[in-house]
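Dear colleague,

I am handing over the structure that follows, together with a short account of what was found in it. Please keep it open while you read.

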Amino acid sequence: MYKIFIVDDEEYVIKSLIKSIQKIQSGFEVVYTSNNSINAHDAILKTMPDLVFTDIRMPGMNGLELIKSVKEVLPGTIFIVISGYAEFVYAQKAMNYGAIGYCLKPFDDSEITDLLKKAKGMLDMSNSQPEEPDLISLIEEPNDKSGPVINQYFADKGIDISKKVVIAASMGYKQLAFEKNVKHVHIKTGNAKHLYFFQYSGESDIRQLFSGKLHDGIKGIGISGSFNTIDGIKNNIEEATSLGYQYFITGKHSLYFKPQTDNSHIDGLLRKLEKNISNPDIFEVNKTLTEVRTIVANGRLNVKQAMKIYNYFISLSNNLDCEYYGEYIYSIEELCSAFKDVNAMLMQLESMLLDASSKKRGDMKDEIKNKYFLKILDYVNLNFHSEISIQSLGKIFSINPSYISQLFRKEVSMTFTDYITKLRVEYACSLLHSTKYTIEDIANKCGYSDYFYFIRVFKKSTGVTPGQFRKS
């Protein structure tokens, strides 16, 4: 059954169209509606319907703008325009934006029937195309057949892995468009993460290729080093992805190559933090944090190092005599979701040191009561599949995030991260057994926009990959 999303600012129009569709045995089902075009835009990107009926004239974002914006991210989504006679010219223009037809108000059942038949034919044809290999799983969980399959797939796209290949990791919802003569392989690895593989011909050519691509929808693009073997793919994906997130450090939407700088000072600082974990001194730790700020200001820190620094401070907090209980962060994406930028992260670490200092002076006050925890738990149980963190809970309930973390340890005998992972994995298991959703769809529904990370978390919790669990 194909999914339909209806967008119209008049409720009676939506109800009328639903009634017409329900009369027709078309293989479609209306599962989403919205009378707000701006909200509908975000909902369409999240729910990924097969077919969208949209009005032309709506406040905020008109139908033409909606079609154009969605098509940039979900090019396979089919659109049909809802139009009045006075808007006929707009309806014709919508066809140029990618709509397959329009239906006039008031609705005619035969007209709706013809449009649904046309849409179903297009969707059936699309689904009957030869299934492409699951490159994500082949790269993440390689086996004896992975190499030949990957090599052949890339060769079919005009990329020879035995020659120099480079990976670009783009951070943003929009898929990048290239000229037809630019041979490349595209893999979507998350809601806002895309990988592009190119034959490497030099840094200047790469810069030219991405000239003008850093628009508002793209936060950063990381470029890996070149490689020429299957074994090099996984490491270079991680390198490109890490570089793509460098906007978190610099605050700039830019193209990032691997820096040719000496990191020995930063490595020494990380070793100093590690040594301080077992016997921390607040004054010395604060001096180290000041050094980190200097390195950030000079642009010499990368996002992986920022994650290490954060987790070192969380370890330190467990040994400092304070009330701060932070949660470890296990992925770059999680770090970039938890904080606006590296400076926001450093501000929280400074807050931790202030808490520890207050405790030493004996003026730490516990103003939070445990009666709030049940409300927090109810919220988490209902929203675990959304973007949720200790920091976001702190803002919602106006409670110190460290105290929320402490309550999780005390009340449910596990960390917040372990608790939400447990909920997400249990939900993923039920979806794998009871639905035919793809692994990518299930990852999204469980709150993981990074499919690689979802596979790792699932395997760590269950001992098998999602694909193996589904087959069992």
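Lysine 445 lies over the face of tyrosine 437, at 4.5 Å from the ring centre. A second such contact involves lysine 460, whose charged end sits over the ring of tyrosine 330, 5.8 Å from its centre. Please note that this is a predicted model.

Aromatic rings also meet one another, and the structure holds 19 aromatic pairs. In one of them, the rings of tyrosine 2 and phenylalanine 28 have centres 5.6 Å apart and planes at 40 degrees; the pair is therefore tilted, since only angles over 60 degrees count as edge-to-face and those under 30 as stacked. Tyrosine 2 belongs to strand S1 and phenylalanine 28 to strand S2, so that this pair links distant parts of the chain, 26 residues apart. Tyrosine 2 is buried, with a relative accessible area of 13%, and phenylalanine 28 is buried at 7%.

Another pair, phenylalanine 373 with phenylalanine 408, is edge-to-face, with 80 degrees between the planes and 5.1 Å centre to centre. Here helix H16 (residues 373-383) is linked to helix H18 (residues 401-412), and both phenylalanines are buried. Elsewhere, ring pairs join Tyr448, Tyr453, Phe454, Phe458 and Phe469 into a cluster.

Finally, there is an open sheet of 5 strands with mixed pairing, in the order S7-S8-S6-S9-S10. Strands S7 and S10 stand at the edges with a single partner strand each, so one side of each has no neighbour in the sheet. S9 and S10 run parallel and are joined by 4 bridges; glycine 222 has tyrosine 256 in S10 as its bridge partner.

Yours sincerely

How values were computed. Residues numbered from 1 in each chain as written. Predicted model: local features only at pLDDT ≥ 70, side-chain atom pairs only at ≥ 80, totals over all residues. Heavy atoms only, no water. Pairing = 2+ DSSP bridges. Helix = DSSP H or I, 4+ residues; strand = E, 2+ residues; numbered from the N terminus. Phe/Tyr/Trp six-rings, centres within 6.5 Å; stacked < 30°, edge-to-face > 60°. Buried < 20%, exposed > 50% of the residue type's maximum accessible area, 1.4 Å probe, protein only. Lys NZ or Arg CZ within 6 Å of the ring centre and 35° of its normal.
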